[in-house]
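Please walk me through this model in the viewer. Tell me what to select at each stop and what I will find there.

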Amino acid sequence: MTVANRDILMKNISKETDFPLSFEEWEQKAAEKMMPGGFGYASSGAGREETAKRNQEAFSKWAIVPRMLNDVSKVDMGISLFGRRYPSPFLLSPIGMQVLAHEEGELATAKAAASMGVPFLVSTVSTYSLEEIAAAIPTGSKWFQLYYSSVNPEVSFSMVERAEKAGYEAIIITVDTVMAGWRETDMRSQFSPLSQGYGKGNYIQDPVFMESLPSHDHDSIVTGILENIQHPSLTWKEIAEVKKRTSLPVLVKGILHPEDAEMALEYGVDGIIVSNHGGRQLDGVIASIDALPAIAERVKGKIPILLDSGVRRGIDAVKALALGANGVLIGRPFLYGLAVGGQQGVEKVLERFMQETEVTLALSGMADLSELSRLKVVRG
Ligand SMILES: Cc1cc2nc3c(=O)[nH]c(=O)nc-3n(C[C@H](O)[C@H](O)[C@H](O)COP(=O)(O)O)c2cc1C
Ligand SMILES: CCCCCCC(=O)C(=O)O
């Protein structure tokens, strides 16, 4: 996009009144649209919510030292991951049970992601099944996030096989969820979407899971999901086993320690996602953006590093990319877009991120994302 195009775009943006601009405004509108229990579940963090707050505050503690007098009349913010080129550095974080935000749930999000050229990471606990989502976006990029089942690993292998068959391009194993975090908002509201069956899409379509149940009534299915979703005995050995079972790249999500990043390299993992699950799991942990530099130093570009947790603006993404990330995942902001405007809402959120990123890159003197390691970002 040229600067001239951008100017026209900015004028159009200023005339728009239908959709919010900032994260805080999207969140406010989503709170008005969603059921209180569902909004509380989505917006809250674990424990004292220290990490949930820290994730965002931490971005403000890093400051860009821009360069001047570089030609930025054309900005290329494309990235390449696992052999595919994307027009922007954004991906959508796996978020379960999106029907809590909008009746079309993951189907609407998937279509928005595909229309914006953004990979959609489908959760194990999606409302719609991975096959239904794949059918909605036959050519759109989709990755499958796995909650490994400690009680029945065959259920996990079956889901991985289904994802590969349905055209998914990568498997992400989330590793910061050996059990659910200490979530007081949900305890107070008594809201438990998994127990209510909102995340059963992939389970009820899974022959191995269904065969393992004593009966197929609602209670048996929900009990089965609650047993299968936890994975307290998960270790690197199981990650290696998943890798053996698929030809797709395997990533681990939830890495915060540089030594775990090194373990990922040792076990032949294809990529890592630096994440603290949006502060929903262990409260009091380091912000993702603060964990990133030491991890990037260890990984030395051997495998892609992605990051989520607290990304609220284009400028947050630019800081993450300059500090060593190869791509950035957007979480709650897209969920709020979904709640506010369905597919169009998610598209708007993504458009805002992309436009602000482009402006940030240009004003930082960076015409190309591949040059971003030269951009100085310091503790400000
Ligand atoms: C409502 C909700 C559901 C989530 N479900 C999943 C999930 O199913 N799998 C997963 O790996 N992460 C899940 N996450 C975590 C996100 O993938 C991501 O790490 C987090 O939202 C990033 O933080 P942010 O939204 O504050 O930027 C969920 C997050 C939210 C808010
Ligand atoms: C064992 C953890 C289950 C969490 C399911 C959804 C999720 O990731 C989240 O709410 O966060």
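Start with ligand 2 and select the residues around it: Gly96, Val125, Thr177, Met179, Ala180, Ile229, Gln230, His277 and Arg280. Colour this shell by class and it divides into four nonpolar residues, four polar ones and one charged. Bear in mind throughout that the model is predicted.

Move to ligand 1, which has 22 residues around it. Those that come nearest are Ser93, Gly96, Ser123, Gly278 and Gly331. Gly96 is thus on the list for ligand 1 and also on the list for ligand 2. By class, the ligand 1 shell holds six nonpolar, 12 polar and four charged residues.

Now zoom out to the whole chain. Its secondary structure comprises 16 helices and 12 strands. The C-alpha trace spans about 70 × 45 × 40 Å along its principal axes. The radius of gyration is 20 Å, in agreement with the value near 21 Å for a compact globule of 380 residues. Buried residues account for 51% of the chain. Of the contacts between residues at least 6 apart in sequence, 73% join residues at least 24 apart.

Next, select residues 288–299, which form helix α14. The helix has 12 residues, and from first C-alpha to last it reaches 16 Å, close to the 16 Å expected at 1.5 Å a residue. Which residues of α14 are buried? They are Ser288, Ile289, Ala291, Leu292, Ile295, Ala296 and Val299. Look down the axis of α14: these buried residues fall within an arc of 135 degrees, so they line one face of the helix. The general background is that an α-helix has 3.6 residues a turn, so residues three or four places apart point the same way.

Step just past the end of α14 to Lys300. This residue lies in the loop between α14 and β10 (305–307). Its phi is positive, about 50 degrees, although Lys300 is not a glycine. Most residues other than glycine have a negative phi. Is Lys300 buried or exposed? Lys300 counts as exposed because it has 9 C-beta neighbours inside 10 Å, and the cut-off for exposed is 12 or fewer.

For another residue of this kind, select Leu69, in the loop between β1 (62–65) and β2 (79–81). Leu69 is not a glycine either, yet it has a positive phi of about 60 degrees. It is exposed, with 6 other C-beta atoms within 10 Å.

Go on to helix α15, residues 314–322. How many of its nine residues are buried? Nine are, and the helix is mostly covered. The buried set includes the charged residues Asp316 and Lys319, along with Leu321. After α15 comes Gly324, with a positive phi near 125 degrees.

Keep Leu321 selected and add Leu369, with which it is in contact. Leu369 is found in the loop between α16 (332–363) and β12 (376–379). It counts as buried because it has 23 C-beta neighbours inside 10 Å, where 20 or more is the cut-off. Leaving aside neighbours within four places in sequence, the other contacts of Leu369 are Asp76, Met77, Gly78, Ile79 and Pro89.

As a last stop, draw a distance from Leu369 to Glu358. These two residues are 11 apart in sequence, and their C-alpha atoms are 9.9 Å apart in space.

Note on methods: Residues numbered from 1 in each chain as written. Chains lettered and ligands numbered in written order. Predicted model: local features only at pLDDT ≥ 70, side-chain atom pairs only at ≥ 80, totals over all residues. Helix = DSSP H or I, 4+ residues; strand = E, 2+ residues; numbered from the N terminus. Contact = placed C-beta atoms within 7 Å. Near = placed C-beta within 6 Å. Expected span 1.5 Å × (residues − 1). Arc of directions from axis to C-beta. Rg over C-alpha atoms; globule rule 2.2 N^0.38 Å.
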